[in-house]
Structure formats: structure tokens, C-alpha cells
Amino acid sequence: RFRDQMDTLVYKLKQHGSTTLLVYDEDVQEDLKNAVTHSSFGVVRLFRRNNPFTDSRERAMEIVKMRSTKVPSSYIFYELTDTGMKITGAGKSAGTK
């Protein structure tokens, strides 16, 4: 039922020409995540992790799904700055060469 509602929501928003960003955190139930992923044209996962090489935290994103687009298989690293999101690298941790 939730999946049908998500499909309808995405369809109606698309009819109005809007680009929609649906946000959920890791605590959402797996079946709800699957419904949102199924209904969405694209899914981008943002996360933080410990870099074992630099012993620091880093921010990364994974493009899980993007319809009609070739997506990278590696993480994309970024920083949040006063002017927005700055991409710092792709395919490797910021601290590796």
C-alpha cells in the first residue's frame, strides 16, 4: 500500500514539472526504504565514515540509482563549506593517493 502511495506521489509531482527530493534516515524500516527506492528516479546516499588512513571523519556519497544514467561504482567525497557542497574527490578516500 505504501509503495502505491509513493508511486502516485512521484507521478503527481512529475506531472507538475517538479523535481522532488525525498529524505529519510537510517532508522526507516527496510520495506519503506525499498518502496521509496522503487518509486524514485534517483537515489543518493550521504554518509560519514572513518578514514583508516588519516584517522579522520570524511563525508561521502554513493549514487545508488539514477535512471537512464551511468552511475559511478565508487564513492564521491565532499565537504560542506560556507558556500555549499564541494566535491573533493571520487573513487578514493580524500587521504589516499
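## Largest pocket

In this predicted model, the largest pocket has a volume of about 890 Å³. Its lining consists of 28 residues. Those nearest the centre of the pocket are Leu21, Leu22, Gly42, Val43 and Val44. Four elements give two or more residues each to this lining: the helices α1 (2–15) and α2 (30–39), and the strands β1 (42–51) and β2 (56–66).

Of these elements, α2 gives the most, with six residues. By residue class, the lining of the largest pocket holds 13 nonpolar, nine polar and six charged residues.

## Aromatic pair

How many aromatic pairs does a search of the whole structure find? The search returns one. The partners are Phe47 and Tyr75, whose ring centres are 4.9 Å apart, with 70° between the planes. The pair counts as edge-to-face because the angle between the planes is over 60 degrees.

Phe47 belongs to strand β1, whereas Tyr75 is in the loop between β2 and β3 (76–81). With their positions 28 residues apart in the numbering, the two link distant parts of the chain. Phe47 is buried, at a relative accessible area of 14%, because the limit for that class is under 20%. Tyr75 has a relative accessible area of 29% and is partly exposed; this value falls between the limits of 20% and 50%, so neither the buried nor the exposed class applies.

## Charges over rings

Phe47 also takes part in a contact with a charged side chain: the charged end of Arg45 sits over the ring of Phe47, at 4.2 Å from the ring centre. The ring of Phe47 therefore has both an edge-to-face partner in Tyr75 and the charged end of Arg45 over it, while the residue itself is buried.

A second contact of this kind involves Lys14 and Phe41. Here the charged end of Lys14 sits over the ring, 5.6 Å from its centre.

## Strands β3 and β4

β3 pairs with strand β4 (residues 84–90). In which sense do the two strands pair, and over how many bridges? The pairing is antiparallel and runs over six bridges. Ile76 has Ala90 of β4 as its bridge partner. Between the two strands, a hairpin of two residues makes the connection from β3 to β4.

Tyr78 lies in strand β3. Its relative accessible area is 6%, which means that Tyr78 is buried, the limit being under 20%. Tyr78 and Leu32 are 46 residues apart in sequence, and their C-alpha atoms are 27 Å apart in space.

## Positive phi outside glycine

Asp55 is not a glycine, yet its phi is positive, at about 55°. The residue is found in the loop between β1 and β2. Is Asp55 buried or exposed? Its relative accessibility is 74%, and it counts as exposed because that value is over 50%.

Ser68, likewise a residue other than glycine, has a positive phi near 60°. Its place is in the loop between β2 and β3, the loop that also holds Tyr75. With a relative accessibility of 85%, Ser68 counts as exposed, whereas Tyr75 is partly exposed.

Methods: Residues are numbered from 1 along each chain as its sequence is written. This is a predicted model: local features need pLDDT of at least 70, side-chain atom pairs count only at pLDDT 80 or more; totals for chains, interfaces and linings use all residues. Side-chain values use heavy atoms; hydrogens and water are left out. On a 1 Å grid over the protein atoms alone, a cavity is a set of points where a 1.4 Å probe fits but cannot get out, and a pocket is an open set with protein on both sides within 12 Å along at least five of seven lines; lining residues have an atom within 4 Å of a point. Grid points are joined across faces, edges and corners, and a volume is the space filled by probe spheres set on the points. Ala, Val, Leu, Ile, Met, Phe, Trp, Tyr, Cys and Pro count as nonpolar, Asp, Glu, Lys and Arg as charged, and the others, Gly among them, as polar. Rings of Phe, Tyr and Trp (its six-membered ring) pair if their centres lie within 6.5 Å; planes under 30 degrees apart count as stacked, over 60 as edge-to-face and the rest as tilted. Buried means under 20% relative accessible area, exposed over 50%, partly exposed in between (1.4 Å probe, protein chains only). A charge sits over a ring if NZ of Lys or CZ of Arg is within 6 Å of the ring centre and within 35 degrees of the ring normal. Two strands pair if DSSP finds at least two bridges between them.
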